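Trainee: I would like to take a close look at a single part of this model, namely its charged pairs, and then see how that part sits beside its surroundings.

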Amino acid sequence: MNTILKYSTIAIIGLSISSCSGSKEKATNLISQTQSITIDKAINKSINYGIVYDIDSNAYKTVKIGKYEWFAQNLQSKKLNDGTPINKVSDNKAWLVAKEPAYCIYNNVDTCSANGFLYNHKAVATKKICPQGWEVASDSAWVNLSKSLGGDEKAGIQLKSSGAWTGQEATNTSGFSALPSGFRENVG
């Protein structure tokens, strides 16, 4: 019997599958353009998505690609799956010294869109950031995802939500619906 492994996508995936540009400024502009996008605009409407809920009752669309099932949108949970709150940190110095799981929203915008939250390593390392039965994807899972879509270049095109990647080829034929979601460096 084959077990389907289930992977949650967290906002840092934008760095894993995109090659926005060599310029941090261009990447920042691209991310800013998508901060108001909704999941209904990001998804591929021809895909039959599954659904899963996190501990905060947020609903996430899921899609099977290759031998794995993936979130088709970024995580935006404010609690670990055991109910422990994740600290919201917007101050750069506080982010740098955070010793507990923390999240933020790109550019400290008060509302969250389909871009999801950004989490620090401490939140991911708990192995409790995803809903029960799900996990953050390992490097080997990302490699499998890419291979199942024909390699990195082809996969990038098929994973990216069409309409959200200005000046880049993006078809979202996989249903993964990747958005440029941002980053937060150690210093903020």
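Trainee: With which residue does Lys128 form a salt bridge, and how far apart are the closest N and O atoms?

Mentor: In this predicted model, Lys128 forms a salt bridge with Asp82, and the closest N and O atoms are 3.1 Å apart. The pair links distant parts of the chain, since Lys128 belongs to the loop between helix H5 (121-125) and strand E8 (135-136) while Asp82 belongs to the loop between E4 and E5, 46 residues apart. Lys128 is partly exposed, with a relative accessible area of 35%, and Asp82 is likewise partly exposed, at 42%.

The count by this rule comes to two salt bridges, and Asp56 forms one with Lys79, where the closest N and O atoms are 3.6 Å apart. Asp56 lies in the loop between E2 and E3 and Lys79 in the loop between E4 and strand E5 (87-88), so this pair ties together parts that are 23 residues apart in sequence. Asp56 is partly exposed at 23% relative accessibility, and Lys79 is partly exposed at 32%. The strands that flank Asp56, E2 (residues 50-53) and E3, pair in the antiparallel sense over four bridges, and in their hairpin, which has five residues between the strands, Ser57 takes a positive phi near 70°.

Lys160, in the segment after helix H7 (152-159), offers a contrast: Lys160 is buried yet has no salt bridge, and the nearest side chain of opposite charge, Glu169, is 8.0 Å away. Because a salt bridge requires the nitrogen to be within 4 Å of a carboxyl oxygen, that distance does not qualify. Residues that Lys160 touches include Trp165, Gln168 and Asn172.

How values were computed
Residues are numbered from 1 along each chain as its sequence is written. This is a predicted model: local features need pLDDT of at least 70, side-chain atom pairs count only at pLDDT 80 or more; totals for chains, interfaces and linings use all residues. Side-chain values use heavy atoms; hydrogens and water are left out. Helices (H or I, at least four residues) and strands (E, at least two) are DSSP runs, numbered from the N terminus. Buried means under 20% relative accessible area, exposed over 50%, partly exposed in between (1.4 Å probe, protein chains only). Lys and Arg count as positive and Asp and Glu as negative; His and the chain ends are not counted. Contact means heavy atoms within 4.5 Å. Two strands pair if DSSP finds at least two bridges between them. Lists of a residue's contacts leave out its neighbours within four places in sequence.
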